[in-house]
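Thank you all for making time this morning. I would like to walk you through one structure, and I will begin as soon as it is up on the screen.

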Amino acid sequence: MRSRASGFTLVELIAVIVILGVLAATAVPRFIDLSDAAQDASVKNIAGALTSAASLNHANNIASDAGLSTATPTRVTTCRGAAALLEGGLDSQYFIQGGRGTTISGGGVGTEGGISECRVAFDSSGNGGYNAADTPGEIFTIYGVR
């Protein structure tokens, strides 16, 4: 009796390797540059959180001014002061561009109830401070609360 050898032939193994190579060549570029997209999404998330927190703080301030029983509103008079609205503060890799908010109405964030646009950015330069080259960045809205 002859025993028959079992296993894959060389042609089958080469075909599988070629197919895996083609799949890898098309899939790898999609995963190479995800860190930039993640940083951009993170900055947009922080900007949204700051806008929401500022809106809630402003509403709380209005309720407090009306004599309703509320928690004490957080004082916000500058763009950078918005970081106090986040529980735990703003991570050290992110900065709020201060003094560059565009006044929309009411005299800006320095005025009670004033509205300004501010910018939060990721410290892409790694210098531990904010500079105009830091990207990505995102605009958020802040309300002045005295």
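Strand β2, residues 115-122, has six of its eight residues buried, so it is largely enclosed by the rest of the structure; please keep in mind throughout that this is a predicted model. The partner to look at is strand β3, residues 137-143, which runs antiparallel to β2 and is joined to it by seven bridges, with Ile115 standing opposite Tyr143 of β3.

Let me turn to the interior, where the largest nonpolar core comprises 20 residues, and where Leu50, Ile96, Val120, Phe140 and Ile142 are those with the most contacts inside it. Two or more residues of this core come from each of α2 (34-65), β1 (94-105), β2 and β3, and α2 gives the most, with six residues. If we take Phe140 and set aside its neighbours within four places in sequence, its contacts include Ala47, Leu50 and Thr51, then Cys79, Ala82 and Ile96, and also a run from Ser116 through Glu117, Cys118 and Arg119 to Val120.

Staying with helix α2, we also find His58 there, and at 16% relative accessibility His58 counts as buried, because the cut-off for that label is under 20%. Not counting residues up to four places away in sequence, His58 touches Gly113, Tyr143, Gly144 and Val145, and Tyr143 is the residue of β3 that I mentioned opposite Ile115.

Finally, on the surface, Leu10, Ile14, Val18 and Val22 make a nonpolar patch of about 390 Å², and Val22 has its place in helix α1, residues 10-32.

Note on methods
Residues numbered from 1 in each chain as written. Predicted model: local features only at pLDDT ≥ 70, side-chain atom pairs only at ≥ 80, totals over all residues. Heavy atoms only, no water. Patch = residues over 30% accessible without salt bridge, like charges linked within 9 Å, V, L, I, M, F, W, Y side chains within 5 Å. Areas by Shrake-Rupley, 256 points an atom, 1.4 Å probe, with all protein chains shown as cover. Salt bridge = Lys/Arg side-chain N within 4 Å of Asp/Glu carboxyl O. Helix = DSSP H or I, 4+ residues; strand = E, 2+ residues; numbered from the N terminus. Buried < 20%, exposed > 50% of the residue type's maximum accessible area, 1.4 Å probe, protein only. Pairing = 2+ DSSP bridges. Core = buried A, V, L, I, M, F, W, Y, C linked by side-chain atoms within 4.5 Å. Contact = heavy atoms within 4.5 Å.
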